[in-house]
Amino acid sequence: AKMSRPVQARRLEGVDKNIWVEFVKLATTYATVNLGQGFPDFPPPDFLREAFVRAVGGEDHMLHQYTRAFGHPPLVKILAQLFGKLLGQELDPLANVMVTVGAYQALYCCFQALVDEGDEVIIIEPFFDCYEPMVKMAGGTPVFVPLRPKAPKAGQLMSSADWQLDPAELASKFGKRTKAVVLNSPNNPLGKVFGRGELELIAELCVKHDALCISDEVYEWLVYDGKEHVRIASLPGMWDRTVSIGSAGKTFSVTGWKVGWTVGPPRLLQHLRTVHQNSVYHCATAAQEAVAQGFCRELERLGQADSYFVRLARELQGKRDRLVQSLDAAGMKPIVPEGTYFLVADISAFASDVPDVPGSNEPYDSRFAKWMVKNKGLAAIPLSAFYSGPHKNDYSRFIRFCFAKEEATLKAANDILQKWKREKAGP
Ligand code: PMP
């Protein structure tokens, strides 16, 4: 049936496209090795799987029913204990923590609850792509500020630490209309772990302009080379204006469970609860129960060798190093990530492999990633996907790989890259 007016709400204008739909389809059709998708292909820890099995198979049939709307009591209790310790705050499980359907819903609640029509929200590029449409759907205006790459030291590979904010440029983005800044450390896609000095700079500007901070810390445990993950909510003046967001998916390698959380002061969380109670309201009880047990185990072992967080970071650091080596040997220059399970590589040396499309304004990296999956069977995501519309061509000679993969997957990727290199070199 045809209607005389648009069926969709105006807030959907300009946010209807999503690059994952296209790249997931390409990967499903063509990829023999998929390093595009941002999730592990290895199993989660046994203790967590067992906890879930106990939750659904045990005596307590109430674990099959709704639980407390703002978070299953055992989960908010252990999260309050853990983050209280990490943030140096006395936390009330019922007031300072809210459980969400993954970090994704936590972000959605933040933007809907805190951003008003006409508010500006500062987003650091490159960024996890949902921030921009979520700000727009809330009626806000995203204001972008880029991380700018510095040349690495002679003879060294570039590091994600070489991508930095220009302090004057960042300061110039703050103004009367700035409502919030979105921080994502460790950052997807670069793997940058913001240093204390960089965070202090952001914090000072938030305090000066009375802005909030939405701090997406889903990769908080995936930090390498002894680098410290600093929580911005622990800096002076920041607790009261920050919502910290986490994800059991990333923390325990169970992205399909979709358990996430927010931690913050009641003056902010009370409004997130309003959005939550009018949209999702309850999150899966058994998954929350299992995650709660996982955290109880981890809290006893914090920082010790048998902690899953410690073990996972160590294993992922090894996988990172193997992918760095594969890419470097193939001539695809890796930017060594300090955190996350993503790695961005410079494809400049492969420019001539992909046929030019005259007149196309599709960013080069996007054409490259499509060509690569179709012709080489290797899936990755173009870096331009993590930039706003007008900036998509600013750094469009990079692609992002995920290295949270089994050794066999990483070896298969290496085989493709080295074969490609030999072909390029000729007979
Ligand atoms: N934030 C970032 C930076 C992410 O990379 C992801 C997942 N790719 C999310 C949030 C969403 O996490 P979840 O799966 O817990 O919803």
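Are Phe368 and Trp420 buried or exposed? Both Phe368 and Trp420 turn out to be buried. The close-ups below look at side chains like these, and keep in mind that the model is predicted.

**View 1. Phe127 and Phe144, a stacked pair of rings.** Searching the whole structure turns up 28 aromatic pairs. Here Phe127 and Phe144 are stacked, with 5.4 Å from centre to centre and 25° between their planes. Phe127 comes from the loop between β3 (120-125) and α5 (131-137), while Phe144 belongs to strand β4 (residues 141-146), so this pair ties together parts 17 residues apart in sequence. Phe127 is buried, and Phe144 is buried too.

**View 2. Phe368 and Trp420, a stacked pair between two helices.** The rings of Phe368 and Trp420 are 6.0 Å apart, centre to centre, and their planes differ by 15°. Phe368 sits in helix α12 (residues 364-376) and Trp420 in helix α13 (residues 407-425), so to speak two distant parts of the chain, 52 residues apart, linked by one pair.

**View 3. An aromatic cluster.** Phe47, Phe83, Trp221, Phe252, Trp261, Phe295, Tyr308 and Phe309 all belong to one cluster.

**View 4. Arginines over rings.** Arg400 has its charged end over the ring of Phe342, 3.7 Å from the ring centre. Arg273 lies over the face of Phe70, and there the distance to the ring centre is 5.7 Å.

**View 5. Glu169 and Arg148, a salt bridge.** Side chains of opposite charge can pair when their charged atoms come close. The whole structure holds 26 salt bridges, according to the search. In this one, the closest N and O atoms of Glu169 and Arg148 are 2.8 Å apart. Glu169 is in helix α6 (residues 167-173) and Arg148 in strand β5 (residues 148-149), which puts the distant partners 21 residues apart. Glu169 counts as buried because its relative accessibility is 17%, whereas Arg148, at 39%, counts as partly exposed.

**View 6. Glu198 and Lys192, a buried salt bridge pair.** The closest N and O atoms of Glu198 and Lys192 lie 2.7 Å apart. Glu198 and Lys192 are both buried.

**View 7. Arg322 and Glu407, a salt bridge between helices.** These two side chains meet at 2.7 Å, N to O. Arg322 is part of helix α11 (residues 308-330) and Glu407 part of helix α13, so the bridge ties together parts 85 residues apart in sequence. Arg322 is partly exposed, with a relative accessible area of 37%, and Glu407 is partly exposed at 36%.

**View 8. A salt-bridge network.** Glu22, Glu362 and Lys370 are joined into one network by salt bridges that share partners.

Terms used. Residues are numbered from 1 along each chain as its sequence is written. This is a predicted model: local features need pLDDT of at least 70, side-chain atom pairs count only at pLDDT 80 or more; totals for chains, interfaces and linings use all residues. Side-chain values use heavy atoms; hydrogens and water are left out. Rings of Phe, Tyr and Trp (its six-membered ring) pair if their centres lie within 6.5 Å; planes under 30 degrees apart count as stacked, over 60 as edge-to-face and the rest as tilted. Helices (H or I, at least four residues) and strands (E, at least two) are DSSP runs, numbered from the N terminus. Buried means under 20% relative accessible area, exposed over 50%, partly exposed in between (1.4 Å probe, protein chains only). A charge sits over a ring if NZ of Lys or CZ of Arg is within 6 Å of the ring centre and within 35 degrees of the ring normal. A salt bridge is a side-chain nitrogen of Lys or Arg within 4 Å of a carboxyl oxygen of Asp or Glu.
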